[in-house]
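This report describes the interior of a protein model and several of its loop residues. Please consult the sequence and the structure shown below while reading.

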Amino acid sequence: MTELPVGRVLRGDCVSLLESLPAESVDLVFADPPYNLQLGGELHRPDNSRVDGLDAAWDRFSDFAAYDAFTRAWLGAARRVLKPQGSLWVIGSYHNIYRVGAIVQDLGYWLINDIVWRKANPMPNFKGTRFANAHETLLWCARDADARYTFNYEALKAANDDLQMRSDWFLPICAGGERLKDANGKKAHPTQKPEALLARIIAAATKPGDLVLDPFLGSGTSAAVAKRLGRRWIGIERDEAYARAAERRIAAVEAITDPALLNLASKREQPRIPFGWLVERGLIEPGEILMDERRRHTAKVRADGTVVGADTTGSIHRVGAVVQGAPACNGWSFWFVKRGADLVPIERFRQQLRAELF
């Protein structure tokens, strides 16, 4: 396959189709592989109604060795298509995630985080023989140990009411109108994941225009969310009924096209503005006094852009650390200047100058 089949659902075996794609062509692989649940017999509720669980042939393997061989094959093929800065997300339950995790590390992926998806509305344990299984685990991995992977830290923090996003995510399972149904009103796919889960993953680890690949597309959640968020996508699915359902779902999605609504610029990607530039342009004058928000520490601005405080001269970061007796300091968030009766963070002037210059 010489051209990337962007925006298509490919039918067939995921390993052979992954091997047909160009190397280092994908920004993110999201995988929801078979869990190898090893279910024995039917499950019933206390009222004796049958639980519509996962009993499909594609989730059954003869033994752990067969499952491990399958896992090693698709993970190896997925790593080949990832760009050097690309990343892998794979979800699983206690039945399979530990085996997947070991193989991930054996193949050279670098584990960045494991994320616990805590389900707001999990299925009860009807037999009362163990704890109710109320979570699944996601592994987030870079292709290599030294990869410069994408992480939209600031965007996630802002979306989380300015609190750092944690590795435990409390989200409901897929239900209600979001759940795809077949012509008979039954679930179109037994393990459909909620769009909220995929939206957080794609927002965290990709940029607009990036290519998301799902080797186990199923009902198409990853592709539908990728399309809506302005990402390109490729899906692989061997079950024809699932593939058709996914295509209908994806076709109905309206993509966000306004760049202003998709901008996830990281502070690390913004043009660098040294403090000295603020002094050179008169936004902050030589001789002005910097102080922290509580007015406990002060430093005087010098004409060359350095500052003096606590008998120490240096950058806003170095002096900020010294006056606090701390090993490090972000001077942009620590220092303020007076403007009238107000204290104004010097970060405001940096953003003003950045907007003027760039």
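The sections below treat the nonpolar cores, one helix, the internal cavity and selected loop residues of this predicted model.

## Nonpolar cores

In soluble globular proteins, nonpolar side chains tend to be buried together. In this model, the largest nonpolar core has 33 residues. Phe-30, Trp-89, Leu-138, Leu-197 and Ile-201 are those with the most contacts inside that core. Two or more residues each come from β2, β3, β4 (110-119), β5 (135-142), β6, α5, α6 and α7. The largest contribution is that of α5, with five residues.

The surroundings of Leu-138 illustrate how this core is assembled. Setting aside residues up to four places away in sequence, Leu-138 touches Phe-30, Trp-89, Leu-197 and Ile-201, among others. Its further contacts include Val-90, Ile-91, Ile-115 and Trp-117, and also Asn-113 and Asp-114. A second core, separate from the one just described, has 31 residues, including Leu-21, Val-26, Val-29 and Val-100.

## Helix α6

Helix α6 is largely enclosed by the rest of the structure, because six of its eight residues are buried, that is, under 20% relative accessible area. The buried residues of α6 are Thr-221, Ser-222, Ala-223, Ala-224, Val-225 and Ala-226.

These buried residues pack against two helices, α5 (195-205) and α7 (240-251), and against the strands β2 (26-31), β7 (211-214) and β8. Just after α6, Gly-230 adopts a positive phi of about 75°.

## Internal cavity

Rolling a probe the size of a water molecule over the atoms shows where empty space is left. In this model the count is one cavity of 30 Å³ or more. The space in the largest cavity amounts to about 380 Å³. Its lining comprises 31 residues, of which Asp-32, Phe-216, Leu-217, Gly-218 and Glu-237 are the closest to the centre. The elements that supply two or more residues to this lining are α6 (221-228) and β8 (232-237).

Which classes of residue make up the lining of the largest cavity? There are 14 nonpolar, nine polar and eight charged residues.

## Loop residue Asn-96

Asn-96 is located in the loop between β3 (82-92) and α3 (97-106). Is Asn-96 buried or exposed? With a relative accessible area of 0%, Asn-96 is buried, because the cut-off for a buried residue is under 20%.

The side chain of Asn-96 reaches the backbone nitrogen of Ser-93 at 2.9 Å. Apart from neighbours within four places in sequence, Asn-96 is in contact with Pro-33, Pro-34, Tyr-35 and Tyr-67.

## Loop residues Asp-161 and Asp-162

Asp-161 lies in the loop between α4 (153-159) and β6 (168-171), and Asp-162 is likewise found in the loop between α4 and β6. The phi of Asp-161 is near 55°, a positive value in a residue other than glycine. For Asp-162, also a residue other than glycine, phi is positive and near 65°.

Asp-161 has a relative accessible area of 68% and is therefore exposed. Asp-162, at 56% relative accessibility, also counts as exposed, since the cut-off for that class is over 50%.

Technical notes: Residues are numbered from 1 along each chain as its sequence is written. This is a predicted model: local features need pLDDT of at least 70, side-chain atom pairs count only at pLDDT 80 or more; totals for chains, interfaces and linings use all residues. Side-chain values use heavy atoms; hydrogens and water are left out. On a 1 Å grid over the protein atoms alone, a cavity is a set of points where a 1.4 Å probe fits but cannot get out, and a pocket is an open set with protein on both sides within 12 Å along at least five of seven lines; lining residues have an atom within 4 Å of a point. Grid points are joined across faces, edges and corners, and a volume is the space filled by probe spheres set on the points. Helices (H or I, at least four residues) and strands (E, at least two) are DSSP runs, numbered from the N terminus. Ala, Val, Leu, Ile, Met, Phe, Trp, Tyr, Cys and Pro count as nonpolar, Asp, Glu, Lys and Arg as charged, and the others, Gly among them, as polar. Buried means under 20% relative accessible area, exposed over 50%, partly exposed in between (1.4 Å probe, protein chains only). A polar contact is a pair of N or O atoms within 3.5 Å; within protein, one must be able to donate a hydrogen and the other to accept it, and residues adjacent in sequence count only if both atoms are side-chain atoms. Contact means heavy atoms within 4.5 Å. A nonpolar core is a set of buried Ala, Val, Leu, Ile, Met, Phe, Trp, Tyr and Cys residues joined through side-chain atoms within 4.5 Å.
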